[in-house]
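Let's take a friendly walk around a pair of helices and see how they meet. Have the structure open and follow along.

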Amino acid sequence: MAAEQSVRTPVTASGDTRIHNIGYRSYDGPRLGRAYARLSLYSQSLRGSYGLGRSVKSKVLPMLLFVVMCVPAAIMVAVAVATKAKDLPVDYTRYAIVMQAVISLYVASQAPQSVSRDLRFKTVPLYFSRPIETADYVRAKFAALASALFILTAAPLLVLYVGALLAKLDFSDQTKGFAQGLVSVALLSLLFAGVGLVIASVTPRRGFGIAAVIAVLTISYGAVSTLQAIAEVQNSGDGIAWIGLFSPITLIDGVQSAFLGATSAFPGGVGPSNAEGVVYVLFSLGLIAASYALLVRRYKKVGL
């Protein structure tokens, strides 16, 4: 806070002249500490993931993708209610797999927005000049993007669930399926957030970050799907499950088909066994942990 002092000089022909001496004193108010700073950074980053608090232009793409995610669910519900169907057209655990292109586009657009600007304008060291530390910054950014992705992927499941209840479908079956879907998209959100942030943190250029995230997510899925199809044609069924370890979306598919009762999108519709599913879970959690560790290491270098 500035403490302004004025010194009156002798009167001149032109009138009184004032010399303003601006001094500063130390802040003596409450200090909220690292936890508050981390929460503030998380809140700001989460709001930024949907363009809140930013220009109208920044809101267009994330809000449009959110609508695109929810509209098919609303149409499915309307059809189920109108036709008095006995079940929903798509399982809760299947919806995110079907809409993976939209999810990948969202990650590609928002992961660079979350970290690239700080790198480009060299504001990261300013964060670390305060009580906040490298791990705090990474946790806040990681949690914010994962939360934004969870909102994006869980909202259409909620639409499906409410619609199913309105259509008077079996309550227990729908509740079980909805819970399984939430577990699936929670793991998907953590995994995609980690992968997206690691890639985006490599470059301060947002355009390069967007292109790199899209390339990694789409090329990995395309390559894995192609290799799995080849393995099925050559009757190498045992290799299909192991090939699925090398793409984020097939990792999620493998976990939910092994433990959440989901129908697998793998060739032949046969997902990993329970033993292979354990490997999928460990591989997914390991990839999330590795993403966090790489981000901490990256920002320790940037903050020097």
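A helix here is a DSSP run of H or I with at least four residues, and helices are numbered from the N terminus. Keep in mind that this is a predicted model.

**Two helices side by side**

Our pair is helix H4 (residues 100–120) and helix H8 (residues 206–233), whose axes come within 8 Å of each other and cross at roughly 145 degrees. The crossing of H4 and H8 is right-handed. On the H4 side, the residues making the contact include Gln100, Ser104, Leu105 and Val107. H8 contributes, among others, Arg206, Gly209, Ile210 and Val213. What kinds of residues make up the contact of H4 with H8? They divide into nine nonpolar, six polar and one charged.

**How long should each helix be?**

At 1.5 Å a residue, you can work out an expected span and set it beside the separation of the end C-alpha atoms.

| Helix | Residues | Expected span | End C-alpha separation |
|---|---|---|---|
| H4 | 21 residues | 30 Å | 29 Å |
| H8 | 28 residues | 40 Å | 41 Å |

For H4, the end-to-end separation agrees with the expected span, and the separation for H8 agrees with its expected span too.

**A look at H4**

H4 has a kink of about 35 degrees, centred on Gln113. Gln113 also belongs to the H4 residues that touch H8. H4 is mostly covered, with 17 of its 21 residues buried. Just after H4 comes Lys122, which takes a positive phi of about 55 degrees.

Now find Gln110, which sits in helix H4. Is Gln110 buried or exposed? Buried means under 20% relative accessible area. Gln110 has a relative accessible area of 2%, so Gln110 is buried. Which residues does Gln110 touch, leaving aside its neighbours within four places in sequence? They are Gly48, Ser49, Pro62 and Leu145. Gln110 and Val216 are 106 residues apart along the chain, and their C-alpha atoms are separated by 15 Å.

**A look at H8**

The buried residues of H8 are Gly209, Val213, Leu217, Ser220, Val224, Gln228 and Ala231. Of these, Gly209, Val213 and Leu217 are also part of the contact with H4. What covers the buried residues of H8? The cover includes H4, helix H7 (171–200), helix H9 (237–243) and helix H10 (248–259). H8 is followed by Asn235, which has a positive phi near 60 degrees.

Definitions and conventions. Residues numbered from 1 in each chain as written. Predicted model: local features only at pLDDT ≥ 70, side-chain atom pairs only at ≥ 80, totals over all residues. Heavy atoms only, no water. Axes fitted to C-alpha atoms, helices over the stretch in contact; angles between N-to-C directions. Left-handed = near helix turned anticlockwise from the far one by under 90°. Contact = heavy atoms within 4.5 Å. Nonpolar A, V, L, I, M, F, W, Y, C, P; charged D, E, K, R; others polar. Expected span 1.5 Å × (residues − 1). Bend = angle between axes of the 7 residues up to and from the residue. Buried < 20%, exposed > 50% of the residue type's maximum accessible area, 1.4 Å probe, protein only.
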